[in-house]
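User: Please take a close look at a single part of this model, the sheet together with the helices that lie across it, and then set that part in the context of the whole chain and of the ligand site.

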Amino acid sequence: MDAKELLLTRRSVRSFTDKRVDRDVLKEALRVSTYAPTGMGRQSPLLVCVSDDEAIETLKKLNASILGMDIDPYYGAKTIILAFGKAERVTCVEDATSLLVYLGLALYGEGIGSCWVHRMKQVFELPEGKKLIESWDLPEGYVAVGSLAVGYPDGEHPTVAERKKDYIIYK
Ligand SMILES: Cc1cc2nc3c(=O)[nH]c(=O)nc-3n(C[C@H](O)[C@H](O)[C@H](O)COP(=O)(O)O)c2cc1C
């Protein structure tokens, strides 16, 4: 797939098969995502790849509790990637976002589906979320910005919404 086709056809995937994502392919996509632009080239974010079932259950439960809904916000994904930004960086959120966007595209290029899942900052502000972070022994000073539910797509490739007419303004 060339770059333009990749960009035009990537879609959020919200239905995954039970098959675990190939570890080496996942590792390579994670590596590729670290080539995303970051403010002043500081490479400030952290990515945490979660495949432990218990941790995933906790993330699901906490994220759903923020939503106030009894659903799985991760759509049954067996892998979740969390992006943390370095709180002290003025580009904290943008840097982590940049990596997540690259990662979604890198995964798609390998036939792996993903969907951005929000509410991570709130998740890790909850007591149980704080406990989970502590158990991971992450470096200090990072704030959760977003996450990707990751897995092999199940079913049809999602369709794309028509682009709004006034997206781009030329001056
Ligand atoms: C910042 C951000 C937060 C998002 N949060 C969620 C979410 O919590 N759950 C979800 O199912 N999709 C979420 N999405 C995915 C969007 O709904 C999706 O990108 C949009 O509907 C366009 O579809 P596409 O990605 O297939 O082009 C999020 C996307 C972004 C950029």
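Analyst: In this predicted model, helix α4, which spans residues 92-109, lies across β1, β2, β3 and β4 and runs at about 10° to β4. Helix α3 (residues 53-67) lies across β1, β2 and β3, and its direction makes an angle of about 110° with β1. What these helices lie across belongs to an open sheet of four strands, arranged in the order β1-β2-β4-β3 with antiparallel pairing. The edges of the sheet are formed by β1 (46-50) and β3 (113-117), each of which pairs on one side only, and on average neighbouring strands are turned by 25° against each other, direction ignored. Between β2 (residues 79-86) and β4 (residues 142-151), which run antiparallel, there are eight bridges; one of the bridge pairings places L82 opposite S147 in β4.

Along the chain, the sheet is built up from strands interspersed with helices, since the elements follow one another from the N terminus as α-α-β-α-β-α-β-α-α-β, giving six helices and four strands in the protein chain. The radius of gyration is 16 Å, close to the 16 Å that the globule rule gives for 171 residues, so the chain is as compact as a globular protein of that length. Of the contacts between residues at least 6 apart in sequence, 81% join residues at least 24 apart, while buried residues make up 32% of the 171 residues. Helix α6 (residues 127-136) has one buried residue among its 10, so this helix lies largely in the open; D137, which follows α6, has a positive phi, near 60°.

As for the ligand site, the residues surrounding the ligand are R11, S12, R14, C115, W116, V117, H118, P158 and V160, and this shell divides into five nonpolar, two polar and two charged residues. S12 is a useful residue to follow here: S12 sits in the loop between α1 (3-9) and α2 (23-33), and, leaving aside neighbours within four places in sequence, S12 is in contact with C115, W116 and P158. The C-alpha atoms of S12 and P158 are 7.3 Å apart in space, although the two residues are 146 apart in sequence. With 14 other C-beta atoms within 10 Å, S12 is partly exposed.

Notes
Residues are numbered from 1 along each chain as its sequence is written. This is a predicted model: local features need pLDDT of at least 70, side-chain atom pairs count only at pLDDT 80 or more; totals for chains, interfaces and linings use all residues. Helices (H or I, at least four residues) and strands (E, at least two) are DSSP runs, numbered from the N terminus. The radius of gyration is taken over C-alpha atoms; the globule rule is 2.2 Å times the number of residues to the power 0.38. A residue is buried if 20 or more other C-beta atoms lie within 10 Å of its own, exposed if 12 or fewer, and partly exposed in between; C-beta atoms are placed from the backbone. Two residues are in contact if their C-beta atoms, placed from the backbone, lie within 7 Å. A residue is near a molecule or strand if its C-beta atom, placed from the backbone, lies within 6 Å of it. Ala, Val, Leu, Ile, Met, Phe, Trp, Tyr, Cys and Pro count as nonpolar, Asp, Glu, Lys and Arg as charged, and the others, Gly among them, as polar. Two strands pair if DSSP finds at least two bridges between them. Axes are lines fitted to C-alpha atoms, for helices over the stretch in contact, and angles run from 0 to 180 degrees between N-to-C directions.
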